[in-house]
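Hello,

Here is the structure I promised to pass on to you. Have a look at it first, and then read on for what turned up when I went through its spaces and its packing.

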Amino acid sequence: QRISDLISKITFEHWYIDTFPCGILGELGNVLIQSTSKHLLARRMLWRNYYPLITHIETFTSTYTFEPLEFDHQHFIKRNSKTLIKTSLDYTTDRKIIISNKKSLRPIWLIVHSTHQQELHLLIDHAMDIAMLEKNDPEFVVISDVNVLSTEASIRVLINENPLNWYPLADRIITAGGFNTWYQLKPWRAKHIALPFKRKFDD
């Protein structure tokens with residue numbers, strides 16, 4: 001009801017829904033969206049887990065697909081979209097920032113994650129375990145939107161910095177395998193370690 005009350009006060013020309021056709025909890029299923037056109041941004045997900053939340057869906061003017069989808073998900077998209085648009089994301093780096101972040105004498109191991117502090121600590125522990133097993137002594141650079149409290153002198157924490165500007169500098173990159181980092185790191189697959197965490201809808 002809160003969402004309905006909010007959008008009833010605004011006139012939209014275009015309405016974009018990210019990933020979840022009816023909202024992440026199915027909350028958009030009963031919301032009347034008055035707009036000229038509605039668009040869906042679709043990526044791969046555990047469709048069998050999400051589908052039961054769909055109570056009502058309107059036809060999308062267009063759906064942008066960012067990667068191959070599960071068969072049932074793809075069928076739903078085709079049935080409920082007037083136009084399908086395959087889309088590739090282009091990620092660019094700021095070369096000036098890269099140059100200013102001069103490489104330290106020690107190897108740089110980059111750890112990138114957002115939102116979940118406990119998971120971020122698990123990624124840091126995993127990176128440290130690998131370094132110990134390999135008898136390596138890197139500098140750990142953590143990029144996140146949450147702070148990390150650590151007494152380790154080898155950990156440098158950067159809040160809300162763009163990790164794209166660090167990928168070329170890093171000798172090893174540890175992430176949770178999220179959608180954005182997965183595609184951002186395509187050019188650096190050889191040094192990417194992914195430790196995915198269980199999600200209800202994420203593949």
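Let me begin on the inside. Ile-17, Pro-21, Leu-28, Gly-29, Val-31, Ile-33, Lys-38, His-56, Ile-57, Glu-58 and Phe-60 line the largest cavity. Please keep in mind that this is a predicted model. The volume of that cavity comes to about 100 Å³, and the structure has one cavity of 30 Å³ or more. Sorted by class, its lining consists of seven nonpolar, two polar and two charged residues.

One of those lining residues, Ile-17, also turns up in the largest nonpolar core. This core has 19 residues, and Ile-17, Met-45, Trp-47, Tyr-50, Ile-54 and Ile-77 are the ones that touch the most other members. Two or more residues of the core come from each of strand E1 (12-18), strand E2, helix H2 (47-50) and helix H3 (71-79). If you would like one residue to click on, try Ile-54: beyond its neighbours within four places in sequence, Ile-54 is in contact with Cys-22, Trp-47 and Phe-76. Another core, of 15 residues, lies apart from this one and includes Trp-109, Leu-123, Val-142 and Ala-176. As background, nonpolar side chains in soluble globular proteins tend to be buried together.

Now for the open spaces. The largest pocket holds about 1,200 Å³. Its lining is made up of 40 residues, and those nearest the centre are Gly-177, Gly-178, Phe-179, Asn-180 and Asp-202. Strand E2 (35-42), strand E6 (139-144) and helix H6 (179-184) are the elements that each give two or more residues to this lining. Which of them has the largest share? That is H6, with five residues. The lining of the largest pocket divides into 16 nonpolar, 13 polar and 11 charged residues.

The second largest pocket has a volume of about 310 Å³. Of the 16 residues that line this pocket, Thr-65, Phe-66, Glu-67, Thr-87 and Ser-88 lie nearest its centre. Strand E4 (84-86) and H6 are the elements that give two or more residues here, and E4 gives the most, with three. By class, nine residues of this lining are nonpolar, four are polar and three are charged.

If you look at just one element while browsing, I would suggest H6, since you will meet it in the lining of the largest pocket and again in that of the second largest.

Happy browsing, and best wishes

Note on methods: Residues are numbered from 1 along each chain as its sequence is written. This is a predicted model: local features need pLDDT of at least 70, side-chain atom pairs count only at pLDDT 80 or more; totals for chains, interfaces and linings use all residues. Side-chain values use heavy atoms; hydrogens and water are left out. On a 1 Å grid over the protein atoms alone, a cavity is a set of points where a 1.4 Å probe fits but cannot get out, and a pocket is an open set with protein on both sides within 12 Å along at least five of seven lines; lining residues have an atom within 4 Å of a point. Grid points are joined across faces, edges and corners, and a volume is the space filled by probe spheres set on the points. Helices (H or I, at least four residues) and strands (E, at least two) are DSSP runs, numbered from the N terminus. Ala, Val, Leu, Ile, Met, Phe, Trp, Tyr, Cys and Pro count as nonpolar, Asp, Glu, Lys and Arg as charged, and the others, Gly among them, as polar. A nonpolar core is a set of buried Ala, Val, Leu, Ile, Met, Phe, Trp, Tyr and Cys residues joined through side-chain atoms within 4.5 Å. Buried means under 20% relative accessible area, exposed over 50%, partly exposed in between (1.4 Å probe, protein chains only). Contact means heavy atoms within 4.5 Å.
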